[in-house]
Amino acid sequence: MLELDHLAIAAATLDEGVAAVEAALGVRLAAGGRHEAMGTHNRLLRLSPALYLEVIAIDPEAPPPGRARWLDRFEGRPRPAAWVARTSDLGAALARAPAGSGRPMAVARGDLRWRMAVPEDGELPFGGLFPALIEWQGDLHPVAMLPDTGCRLVGLELYHPRAVDLCHALEGLLDDPLVAVHPGPEPALRALIGTPHGRRILE
């Protein structure tokens, strides 16, 4: 029912996040845009024909959206902070997702249109390790607009003190060999990425 769609690297500022990811991977990120509904902006990197990475931060020039955002509580260095899974039926996916996964909200950026499950408190289940759910509207997807820099996702590792519960929450919804759940002292994401310069890690 779910497919890995993109990874979110959060940062206090977009410039800081872009600099950190470009230094770590040795490639340039492509232009992104602004999300007026959430007051955020991003830059993007293709990771496969159906998967990309975004560096995302609060847009200081945008008015507050009037709703809670997980980025409102973000602090510290740029790092993987969320992952997004796509579905062709957001309502059905939400019916099987853990409580607190959000309510459907229409979002747009340029010609792109999608529906996203947005939690009322801005916080995704399992400390952000359950995926944000997205349903793209139409055939247009960001990855089709991005240059291929030779980067590929090798693995996405999820660490959580309730790893077994997280596995159960994902069971029947997502079956992707790139995604692995491990026990850990606190919620954390680790992305292994193959680049033209060798394998790199974002964590």
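Counting Ala, Val, Leu, Ile, Met, Phe, Trp, Tyr, Cys and Pro as nonpolar, Asp, Glu, Lys and Arg as charged, and the others, Gly among them, as polar, the lining of the largest pocket in this predicted model divides into eleven nonpolar, three polar and eight charged residues. That pocket makes a convenient starting point for a tour of the open and enclosed spaces in the structure.

The largest pocket has a volume of about 500 Å³. Its lining is made up of 22 residues, and R79, P80, A81, G127 and P187 are the ones nearest the centre. Two elements, β5 and β11 (188-195), each supply two or more residues to this lining. Of these, β5 provides the largest share, four residues.

Enclosed space comes next. Rolling a probe the size of a water molecule over the atoms shows where empty space is left. When the whole structure is searched, one cavity of 30 Å³ or more is found, and the largest cavity holds about 450 Å³ of space. Its lining comprises 29 residues, with M38, E54, I56, W70 and M116 lying nearest the centre. The elements that contribute two or more residues to the lining are β1 (3-10), β3 (40-48), β4 (51-58), β5 (79-86), β6 (103-109), β7 (112-118) and β8 (132-136). Among the contributors, β7 gives the most, with five residues. By residue class, the cavity lining has 21 nonpolar, five polar and three charged members. The strand β5 thus appears in both settings, giving two or more residues to the lining of the cavity and two or more to that of the pocket.

The packing of the interior can be followed through its nonpolar cores. The largest of them contains 43 residues, and within this core W83 and L156 touch the most other members. What does L156 touch, leaving aside residues up to four places away in sequence? Its partners are L4, L7, W83, L178, V179, A180, L189, R190 and A191, so W83 and L156, the two residues with the most contacts to other core members, are also in contact with each other, given the cut-off of heavy atoms within 4.5 Å. Apart from this core lies another, of 17 residues, which includes L44, V107, L112 and A132.

As for the annotation of the chain, an unreviewed UniProt entry lists residues 4-173 under "domain: Glyoxalase-like". Over residues 4-173, helix accounts for 16% of the chain and strand for 39%. The C-alpha atoms at the two ends of residues 4-173 are 11 Å apart.

Note on methods
Residues are numbered from 1 along each chain as its sequence is written. This is a predicted model: local features need pLDDT of at least 70, side-chain atom pairs count only at pLDDT 80 or more; totals for chains, interfaces and linings use all residues. Side-chain values use heavy atoms; hydrogens and water are left out. A nonpolar core is a set of buried Ala, Val, Leu, Ile, Met, Phe, Trp, Tyr and Cys residues joined through side-chain atoms within 4.5 Å. Buried means under 20% relative accessible area, exposed over 50%, partly exposed in between (1.4 Å probe, protein chains only). UniProt positions are given in the numbering used here, feature names are shortened, and annotations may be inferred rather than shown by experiment. On a 1 Å grid over the protein atoms alone, a cavity is a set of points where a 1.4 Å probe fits but cannot get out, and a pocket is an open set with protein on both sides within 12 Å along at least five of seven lines; lining residues have an atom within 4 Å of a point. Grid points are joined across faces, edges and corners, and a volume is the space filled by probe spheres set on the points.
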